[in-house]
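Student: Could you take me closely through one strand of the sheet, starting from its pairing partners and working outwards to whatever packs around it?

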Amino acid sequence: MALKNLSITKYLTPAFHILFWGLIIISPYLFRNPNTWEGFKPWHYKLIINNATLALLFYFNAFVLYPKVYKSKGLVIYLLTVIAVIIALMAFSRFVDSQLFAEMRNFNKGRRGGGRGGDRWFRWYITNIVTYVFIMGISFSYRVIKDTNQLEKIRKENENEMLKSELTFLRSQVSPHFMFNVLNTLVSLARKKSDLMEPSLIQLSNLMRYMLYESNEDRIHLEQEVEYLRSYIDLQMLRFGDDVKIELNVSKDLEGYDIEPMLLIAFVENAFKHGIGMIEEPVIKIFLSMDKTKHWLEFRVENNISPQEGSKDKNSGIGLINMKRRLELLYKDRYILETRKIGNIFVSDLKVRLK
C-alpha cells in the first residue's frame, strides 16, 4: 500500500505542473466567447507565446539558476544573472513582436515617434518586467519550499532510522535481562535437585521459542503476549510453588488487537524480583483488560514491597527503564504509566491505546 501511494505521488506532482501550465498557455482559447469567436487573432498567438515563455522561465530559474547559480555562486551572482535573463527575455519579446505581428511593428514605430505610442511602450515595458520578476520570485519560492520539504523528509527518515536502531537495541536487551531472571529460577531448582527441573526446562524452551520467533515482529496479537505472560508465571510457580500466591485476572475478549512484543513482561518480572524476598506470604496480583469502546489496554501489577532495601542489586530496574523508553518510542501520547506505593504494596498501572 505504501509503495502504491509513493508511486501515485511520484506522478501526481508532474501531472499537476503540466495541467497548470497547459491551461495557462491555452487560456486564450479556453476563455473565448463562443458567440463572437472568429478564430485566433494575432494577439491570441502572442499571448500563448508569452505564457509559454513564462513557463520556461519558471522552470529555468527553479532547476537551473537556483541550484547552479544561487546555491553555488551566491546571491549577488544570482541577482546579476536574473537581471541578464530578464533583459534577454525583453529583447526576445521585442524581436518576436516585430517579426511575427504586423500591428506590433506599428506599435514600435509609435514608440519611436513618442507621444501615445511611447506611453504604450513604457507600460508594456514595465508590465513585462514586473511579470518576469513575479514569475522568478514564485519560482524561487517554489524551489525553496521544495528543498525545505525534502530536507525535512530526509531529517524525519534519519530520525526514524535512529529510533528504529534504538528500539532494536532496547529489544535486544529484553532477552538477556529475561534470561538472567529465568536462570536464577533454574539455579534454585538445581540446588534443590527438584523433580521440577525437567518441566521447567520445557517451559523455558517454549518461552525461548516465543522470544526467538514471535518477538522479531513489529506487532503481535495481544492473545500471544498474554500467553507468554502465562508461560512465564507458570515457570516461576514451578520454582516458588505455594510460597507465593498469584492472582491472574485476564479478560477474555482480546481479539482484534496487536501490541509490541514483550512489552508487559517487565512489570511481572519486577513483581517476582522485588515482591517475594523476605516477605511473609507474598501476593502478586495481575489484572489485564481491554476497553473495546476506547481501545485502551489496562494492565496493572501489584506486589508486596520487601523491607530490605539492600536486596536490590545494581541492575535493579533495568527492565522497567527499558520498557518506559520503548513506550515513549512506540506509543508516544498514547499511553499513561503510573507507579506508586500504597502502604507495603507497589502498584504499576499502565494504559495503552492500541488503535
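Tutor: In this predicted model, strand 2 (residues 245-250) pairs with strand 4 in the parallel sense, through 6 bridges, and within that pairing Val250 stands opposite Leu288 of strand 4. Towards strand 5 (residues 296-304) the sense is antiparallel, with 8 bridges joining strand 4 to it, and here Lys285 is set opposite Glu302. Strand 4 and strand 5 are also connected as a hairpin, with 4 residues between them, and His295 in the turn has a positive phi of about 65°.

In a regular strand the side chains alternate between the two faces of the sheet. Strand 4, which spans residues 283-291, has a covered face made of Ile284, Ile286, Leu288 and Met290, whereas Val283, Lys285, Phe287, Ser289 and Asp291 belong to the uncovered face. Leu288, the residue opposite Val250, is thus found on the covered face, while Lys285, which stands opposite Glu302, is on the uncovered one.

Taken as a whole, the sheet is open and consists of 5 strands in the order 2-4-5-7-6, with mixed pairing. Strand 2 and strand 6 (335-342) stand at its edges, each with a single partner strand, so one side of each is left without a neighbour in the sheet. Neighbouring strands are turned by 5° against each other on average, with direction ignored. Beyond strand 5, the order continues with strand 7, which pairs with strand 5 in the antiparallel sense over 9 bridges, and in that pairing Phe299 stands opposite Leu350.

Two helices lie across strand 4: helix 8, which also crosses strand 2 and strand 5 and runs at about 170° to strand 2, and helix 9, which also lies across strand 2, strand 5, strand 6 and strand 7, at about 5° to strand 5. Helix 9 is itself mostly covered, with 9 of its 10 residues buried, including Phe267 and Val268.

The largest nonpolar core has 42 residues, and Ile259, Val268, Phe299 and Leu354 are those with the most contacts inside it. Strand 4, strand 5, helix 8 (222-240) and helix 9 (265-274) are among the elements that each supply at least two residues of this core, and helix 8 gives the most to it, with 8 residues. Phe299 brings several of these parts together, since residues up to four places away in sequence are left out and its contacts still include Ile286, Phe287 and Leu288, as well as Leu229, Phe267, Val268 and Leu350.

Notes. Residues numbered from 1 in each chain as written. Predicted model: local features only at pLDDT ≥ 70, side-chain atom pairs only at ≥ 80, totals over all residues. Heavy atoms only, no water. Buried < 20%, exposed > 50% of the residue type's maximum accessible area, 1.4 Å probe, protein only. Pairing = 2+ DSSP bridges. Core = buried A, V, L, I, M, F, W, Y, C linked by side-chain atoms within 4.5 Å. Contact = heavy atoms within 4.5 Å. Axes fitted to C-alpha atoms, helices over the stretch in contact; angles between N-to-C directions.
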